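Subject: The structure you asked about

Hi,

Here is the structure, ready to open in your viewer. My notes on it follow below, so feel free to read them with the model on screen.

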Amino acid sequence: MHYKEYGDLHKPLILLIHRGGVGGWMWDKQVQYFSNYHGVVPELIDKEANNTSDF
């Protein structure tokens, strides 16, 4: 899973998780606002994954 980290690693953690149909970019303004915290934004949509399945 890809993710981006922001802010100060020694501050309280904020984990920002997006819903379907959007990406981690949707948290850009919140990341700026909470810059005094340690922010983690996982990217739940893997653009590099192929669409094949073993099922």
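Y33 is exposed, with 66% of relative accessible area. Please keep in mind while reading that this is a predicted model. The neighbouring ring to look at belongs to F34, which is partly exposed at a relative accessibility of 33%. Y37 also counts as partly exposed, at 35%.

These three residues belong together: Y33, F34 and Y37 make up one aromatic cluster. Two aromatic pairs were counted in the structure. In the pair of Y33 and F34, the ring centres are 4.9 Å apart and the planes stand at 90 degrees, so this pair is edge-to-face. F34 also pairs with Y37, again edge-to-face, with 5.9 Å from centre to centre and 75 degrees between the planes. F34 therefore takes part in both the pair with Y33 and the pair with Y37.

Now for the overall layout. The protein chain has one helix and three strands, and from the N terminus the elements come in the order β-β-α-β. Of its 55 residues, 20% count as buried.

How are the strands arranged in the sheet? The sheet is open, its three strands lie in the order β1-β3-β2, and the pairing is mixed. β1 and β2 (13–15) are the edge strands, each pairing on one side only. On average, neighbouring strands are turned by 20 degrees against each other, with direction ignored.

The mixed pairing is easy to follow strand by strand:

- β1 and β3 run antiparallel and are joined by six bridges. Here H2 stands opposite E43 of β3.
- β2 and β3 pair in the parallel sense, over three bridges. Here I14 has G39 of β3 as its bridge partner.

Is β3 largely enclosed or open to the outside? Five of its six residues are buried, so β3 is largely enclosed by the rest of the structure.

Next, the empty space. The structure holds one cavity of 30 Å³ or more, and the largest cavity has about 50 Å³ of space. Which residues line the largest cavity? They are Y6, I14, L16, Q30, V31, F34, S35, Y37 and G39. You will recognise F34 and Y37 from the aromatic cluster, and I14 and G39 as the bridge partners mentioned above. By class, the lining of the largest cavity has six nonpolar residues, three polar ones and no charged ones.

The largest pocket has a volume of about 220 Å³. It is lined by 13 residues, and those closest to its centre are K4, G23, G24, W25 and E43. E43 is also the residue that H2 stands opposite. The elements that contribute two or more residues to the lining of the largest pocket are β1 (2–7), α1 (28–33) and β3 (38–43). β1 gives the largest share, with four residues. What classes of residue line the largest pocket? Six are nonpolar, three are polar and four are charged. The linings can be set side by side: the largest pocket has four charged residues, whereas the largest cavity has no charged ones.

One last residue to find is R19, in the loop between β2 and α1. At 70% relative accessibility, R19 counts as exposed. R19 and L44 are 25 residues apart in sequence, while their C-alpha atoms are 8.4 Å apart in space.

If you would like a route through the model, you could begin with the cluster of Y33, F34 and Y37, go on to the largest cavity, which F34 and Y37 help to line, and finish at the largest pocket, with K4, G23, G24, W25 and E43 closest to its centre.

Best wishes

Note on methods. Residues numbered from 1 in each chain as written. Predicted model: local features only at pLDDT ≥ 70, side-chain atom pairs only at ≥ 80, totals over all residues. Heavy atoms only, no water. Phe/Tyr/Trp six-rings, centres within 6.5 Å; stacked < 30°, edge-to-face > 60°. Buried < 20%, exposed > 50% of the residue type's maximum accessible area, 1.4 Å probe, protein only. 1 Å grid on protein atoms, 1.4 Å probe; cavity = no way out; pocket = protein on both sides within 12 Å on 5 of 7 lines; lining within 4 Å. Points joined across faces, edges and corners; volume = space filled by probe spheres on them. Nonpolar A, V, L, I, M, F, W, Y, C, P; charged D, E, K, R; others polar. Pairing = 2+ DSSP bridges. Axes fitted to C-alpha atoms, helices over the stretch in contact; angles between N-to-C directions.
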